[in-house]
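Here are my notes for a colleague opening this entry. Please read them with the structure in view.

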Amino acid sequence: MTHVKAEIASQPECWRQAAKLAGSPGLPARGERVAVIGCGTSWFMAKSYAVLREQAGHGETDAFQSSEFPYGRRYDRLVAITRSGTTTETLEVMRAVGADTPVTVFTADPAQPAVDIAGDAVVLDFADERSVVQTRFATSVLALLRAHLGHDIDAAAMDAEVAVRLPLPVHPALTDQITFLGRGWTVGLAEEAALKCRETAGFWTESYPAMDYRHGPISIAGPRRVVWAFGDVPAGLADEVEARGAAFVHSRHHGGYATLGRWVGGRAPLDPMADLVLAQRVAVLLATTQGLDPDHPSGLARSIVLPDHS
């Protein structure tokens, strides 16, 4: 078994352990104006959390790629997500704002610079990964943040236990392209699912807010292509996708998993984070069927540490 397959399968227990940290010092207080930063996968988790926090009425929350942080804005707290604790762009933002703004970091390695820079550090070392590709660390951070907002993470973990065993809704031999869609907080999950397939398998994937999909991107839907939706689905969209010959995948509200004209599972809809677990498994399958190493994708490193040109 590859490391990433084992790490994907371990997510239910990681989420439960992460939820126990929901009372950690430095988590955003209700009413604080918060900026959340990260790169790649961490940024997508930041986007999902930002939507959830505002929906819960906890306060204005913005999510930024670390490299695009708007230094002219003022926040009550900066939250940084960095598995390695060494990502250059994230450390730069933390250092720049730390003198005036409380900084909280979520990381897997307490021995790295991010912990020294931050005022508060939440360490999820139990969710660290041997694979270069991020899966359980990022979802565990989001599980912790959701627990802090009052979500039932045990229920999500139970769904993830189902997701690690379900038959996969996408077959590599029958699929040339996947577009992932989301609404609200699941837009970030859709973007992460697309990234997993791209970085792990070099597979053609795209991602969009579901309501924007009709505004151009639907033009590529067709035979041997899949549209996979997280969360709520706009009325009529599934029929439009299928009319173009593409397969539509969604954990539907009347139970089951619909894909390629058949039903799988016959159960209530999965928590969207559990749905992401399925997409992670698809990414690994897309890689291994091409003879690729999903633990060490070409061109990727555990952390992007840029040279100092100052």
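1. Start with the loop between strand 7 (205–209) and strand 8 (225–229), where arginine 224 lies. This is a predicted model. Arginine 224 has a positive phi of about 65°. That is worth a look, as arginine 224 is not a glycine. Is arginine 224 buried or exposed? Neither label fits: at 40% relative accessibility, arginine 224 counts as partly exposed.

2. A second loop residue to check is histidine 171. Histidine 171 sits between helix 7 and strand 6 (177–182). Its relative accessible area is 44%, so histidine 171 is partly exposed. Follow the chain from there to leucine 285, 114 residues apart from histidine 171. The C-alpha atoms of histidine 171 and leucine 285 are nonetheless separated by 8.7 Å.

3. Next, the sheet. It is open and has 5 strands, in the order 2-1-3-4-5, with parallel pairing. Which strands stand at the edges? They are strand 2 (61–65) and strand 5 (120–123). Each has a single partner strand, so one side of each has no neighbour in the sheet. On average, neighbouring strands of this sheet are turned by 20° against each other, direction ignored.

4. Look inside the sheet at strand 3 (residues 77–81) and strand 4 (residues 103–107). They run parallel and are joined by 4 bridges. Alanine 80 stands opposite valine 105 of strand 4.

5. Two helices pack on this sheet. Helix 4 (residues 88–97) touches strand 1 (34–38), strand 3 and strand 4. The direction of helix 4 makes about 160° with that of strand 3. Helix 6 (residues 136–148) touches strand 3, strand 4 and strand 5. The direction of helix 6 makes about 135° with that of strand 4.

6. Helix 6 also meets helix 3 (residues 41–55). Their axes come within 10 Å and cross at roughly 15°. Helix 3 and helix 6 are therefore roughly parallel to each other. Their crossing is right-handed. On helix 3, the contact is made by Thr41, Met45, Ser48, Tyr49 and Leu52. On helix 6, it is made by Ala138, Thr139, Leu142, Leu145 and Arg146.

7. Now take helix 2 (residues 11–19) and helix 7 (residues 153–163). The axes of helix 2 and helix 7 come within 8 Å, crossing at roughly 170°. Helix 2 and helix 7 are therefore roughly antiparallel to each other. Helix 2 makes the contact through Pro12, Trp15, Arg16 and Ala19. The residues on helix 7 include Ile153, Asp154, Met158 and Glu161.

8. Trp15 turns up again in the largest nonpolar core, which has 69 residues. Which members touch the most others? They are Trp15, Phe106, Leu124, Ile178, Phe180, Trp228 and Phe230. Helix 10 (residues 272–288) gives the largest share of this core, 11 residues. Apart from this core lies another, of 15 residues. Among them are Ile37, Phe64, Phe69 and Leu91.

9. Last, zoom in on leucine 124. What does leucine 124 touch, leaving aside its neighbours within four places in sequence? Leucine 124 is in contact with Ala18, Leu21, Phe106, Thr107, Ala108, Phe137, Ser140, Val141 and Leu144. One of these, Phe106, is listed beside Leu124 among the residues that touch the most other members of the largest core.

Methods:
Residues are numbered from 1 along each chain as its sequence is written. This is a predicted model: local features need pLDDT of at least 70, side-chain atom pairs count only at pLDDT 80 or more; totals for chains, interfaces and linings use all residues. Side-chain values use heavy atoms; hydrogens and water are left out. A nonpolar core is a set of buried Ala, Val, Leu, Ile, Met, Phe, Trp, Tyr and Cys residues joined through side-chain atoms within 4.5 Å. Buried means under 20% relative accessible area, exposed over 50%, partly exposed in between (1.4 Å probe, protein chains only). Contact means heavy atoms within 4.5 Å. Two strands pair if DSSP finds at least two bridges between them. Axes are lines fitted to C-alpha atoms, for helices over the stretch in contact, and angles run from 0 to 180 degrees between N-to-C directions. Angles under 35 degrees count as roughly parallel, over 145 as roughly antiparallel, 65 to 115 as roughly perpendicular and the rest as oblique. A crossing is left-handed if the near helix is turned anticlockwise from the far one by less than a right angle, and right-handed if clockwise.
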